[in-house]
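Trainee: May we go through this structure together, one topic at a time?
Mentor: Certainly; please ask, and each reply will end on what was asked for.

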There are 2 protein chains.
Amino acid sequence: MQAPFTTLSEFRDILGKAPQADATATDAAQDRNGQLTKPPGALGRLEDLAIWYAGWRGNPKPQIDAPQVIIFAGNHGVCAQGVSAFPSEVTAQMVANFEHGGAAINQLSKAFGASMQVHALSLDTPTADFTQGPAMTEAEVVTALQIGWMAVDPVSDLLVTGEMGIGNTTSAAALAAAVFGGAAVDWVGRGTGVDDAGLTRKAGVVTQALALYKMDDPLEALRCVGGRELAAMAGAIAAARHHRIPVILDGFICCAAAGVLAQTSEGALDHAVAGHQSAEGGHARLLAALGKEPLLNLGLRLGEGSGAALAIGVLKGAIACHSGMVTFAEAGVSGG
Amino acid sequence: MQAPFTTLSEFRDILGKAPQADATATDAAQDRNGQLTKPPGALGRLEDLAIWYAGWRGNPKPQIDAPQVIIFAGNHGVCAQGVSAFPSEVTAQMVANFEHGGAAINQLSKAFGASMQVHALSLDTPTADFTQGPAMTEAEVVTALQIGWMAVDPVSDLLVTGEMGIGNTTSAAALAAAVFGGAAVDWVGRGTGVDDAGLTRKAGVVTQALALYKMDDPLEALRCVGGRELAAMAGAIAAARHHRIPVILDGFICCAAAGVLAQTSEGALDHAVAGHQSAEGGHARLLAALGKEPLLNLGLRLGEGSGAALAIGVLKGAIACHSGMVTFAEAGVSGG
């Protein structure tokens, strides 16, 4: 099996032909929701989530049996500019930690019954320092998109994409600024915990990048200031759409990658919900730009897909209610 | 086994002698949290939750293996005043639905691995219409507190109390107003879905009650305007404290019952977190009065313990991370 694209242009074409939710299943799920033993609307957003999920799965009474969490890791040449509180070696060290089961995302994946895979993308060859030249060649960004696309198991019924990459909040901030507009300071944050001087350096780096490249095209922006793990997440989210697998978006970096899809093709994220609002500076703004209301807001700012993985529980609860509850008629309860 | 009180006065004494969290376990959990493979604070509220839970369980590396959901059901004489959109018969019908596994709380309990029991409290004998006289005698309220107390399994490691009782948002609004002050309109909401006229009737009923009784003592307020299921929830939450079982509070009615404990004895809810913020009118105000920040805010307004049960997933995720992650030293990751 190979990814169905070999250029950015072909990838763009695929986004334009993305499938839609099944309207018949959506309507049937809506009908079912109205008959369940609860006052109308009493399950709040759980009802909307269940109907949305049913539509994408083409099943008015769906189950979540096979959630998949995929972590992509990449290294960033821009770390040379002193934008992170941690050294680049930590990326590979954390990949080993993921592989040995010791990180937060391992525990969350297990807790919510998700399979989890890690893809380390050329960690020994960081992207170019984008203050000096484009982060990636077209071949490099396409390869990362393909790896992301192929990482999605077509039999999964829910996808979370996470990332690890020292320096990648700077890359994500530059990408968000390029794709959604605004100034560098609107998008940079403290990442893993830089001090005020580090934050100022991050803003300077993003400002430089915005002046350096012509980034009218979101996919070109991904190439110029993105990273391999960001491109891979975008590829995976696009593949999920192709397979009608609903997606829970994670934090700032995941949403910056997803934003490339949304700005390339309208509705490209209709199969995705926002798992949480991160404490990372620009995430609230990014969620607003994507038009997504987060399911959780618990101050997480870890990445790794952790916030989205936690939200698997919320979605599982929503689907359990929708598909497991009986109707007023079945229960013999008055007033339905 | 019997509950360790036979009067309201004895129950009050027990609240005054409630055990505290284990400071040694709290400190050890705090230490452990600082060594886990993540930037400091990057798991946000999950870190606070894990440390809090560890303290109450007296174990710096705890597990959640036996969550218990208990639903108490009661009927309310005040329904004679036209305060609900549903007839009182629905209480018993929904109890049957709980027993047959068809309600939302059944699905959520199953989804999060919780045992679930239902206690129907004298449904054929509603409390007195509190616009005419006190809802309960002292014997009745003590019996309900005892039933709640005894319903808690001492080997549980997490408790959710839920309720079902047509008319009980009116009872809870009167109780909240009596216990926390404010006007009737501050506390009444649409419950299962009353119209504007119904909402006005609810406010009128609460105003009448506030004028009718001297309710300086929260336990006396529980007797005068509460209900059996509210008293039972209060008894269960107190028993959980006695056994050092952490509690996730549910919505408006659960929090009104819990507020009786908090106003009777300072710190009586230190072993409890707020599972969610309900869409029911007065719940945000009630959470503020309790000083509790909700874990979820998804527009639920169903009762049954549903919002708190959904939050079991969040707490399980927090504990999974805390107890399952490795330390920087164990993983060989730089920068810890």
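**Symmetry, sheets, helices and salt bridges**

Mentor: Chain A can be superposed on chain B with an RMSD of 0.0 Å, by a turn of 180° and a shift of 0.0 Å along the axis; the fit is by least squares on the C-alpha atoms of residues with pLDDT of at least 70 in both copies. That is the relation of a two-fold axis. This is a predicted model, in which local features need pLDDT of at least 70 and side-chain atom pairs count only at pLDDT 80 or more, while totals for chains, interfaces and linings use all residues. Residues are numbered from 1 along each chain as its sequence is written, chains are lettered from A and ligands numbered from 1 in the order in which they are written, and side-chain values use heavy atoms, with hydrogens and water left out.

Trainee: Which C-alpha of chain A is nearest the axis?
Mentor: The axis is the one that relates chain A to chain B by a turn of 180°. The nearest C-alpha in chain A lies 2.8 Å from the axis, and it belongs to A:G313.

Trainee: Why can it be said that the copies meet through the same surface?
Mentor: Contact here means heavy atoms within 4.5 Å. The copies meet through the same surface because the interface residues of chain A that are also interface residues in chain B amount to 98%.

Trainee: In what order do the strands of the open sheet in chain A stand?
Mentor: Strands (E, at least two residues) and helices (H or I, at least four) are DSSP runs numbered from the N terminus, and two strands pair if DSSP finds at least two bridges between them. β2 (115-120) and β5 (272-274) of chain A stand at the edges, each with a single partner strand, so one side of each has no neighbour in the sheet. The pairing of the 5 strands is parallel, and their order is β2-β1-β3-β4-β5.

Trainee: Which residue of β2(A) is the bridge partner of A:F72?
Mentor: Strand β1 (residues 67-73) of chain A runs parallel to β2(A), and 6 bridges join the two. Helix α6 (residues 138-151) of chain A lies across both strands, at about 160° to β1(A); such angles run from 0 to 180 degrees between N-to-C directions, with axes fitted to C-alpha atoms, for helices over the stretch in contact. The bridge partner of A:F72 is A:H119.

Trainee: Is A:T127 buried or exposed?
Mentor: A:T127 is found in the loop between β2 and α6 of chain A. Among the residues that it touches, leaving aside those up to four places away in sequence, are A:N75, A:H76, A:M136 and A:R228. Buried means under 20% relative accessible area, exposed over 50% and partly exposed in between, with a 1.4 Å probe and protein chains only. At a relative accessible area of 5%, A:T127 is buried.

Trainee: How many of the 13 residues of α7(B) are buried?
Mentor: The expected span of a helix is 1.5 Å times one less than its number of residues. For helix α7 (residues 168-180) of chain B this gives 18 Å, which agrees with end C-alpha atoms 18 Å apart. The buried residues include B:N168, B:L175 and B:V179. The helix is largely enclosed by the rest of the structure, since the number buried is 12.

Trainee: Which residue of β3(B) stands opposite B:V69?
Mentor: Strand β1 (residues 67-73) of chain B pairs with strand β3 (residues 158-164) of chain B in the parallel sense, over 7 bridges. Opposite B:V69 stands B:V160.

Trainee: What is the N to O distance in the salt bridge of A:E220 and A:R223?
Mentor: A salt bridge is a side-chain nitrogen of Lys or Arg within 4 Å of a carboxyl oxygen of Asp or Glu. A:E220 and A:R223 both lie in helix α10 (residues 218-225) of chain A, 3 residues apart, about one turn of the helix. A:E220 is partly exposed at 24% relative accessible area, whereas A:R223 counts as buried at 16%. Their side chains meet at 3.0 Å.

Trainee: Which residue forms a salt bridge with A:K214?
Mentor: Both partners of this pair are exposed. The closest N and O atoms are 2.7 Å apart, and the partner of A:K214 is A:D216.

Trainee: How many salt bridges are there over all chains?
Mentor: One of them joins the side chains of B:K38 and B:E47, at 3.1 Å from N to O. B:K38 is buried at 4% relative accessible area, and B:E47 is buried at 8%. Over all chains, the count of salt bridges comes to 14.
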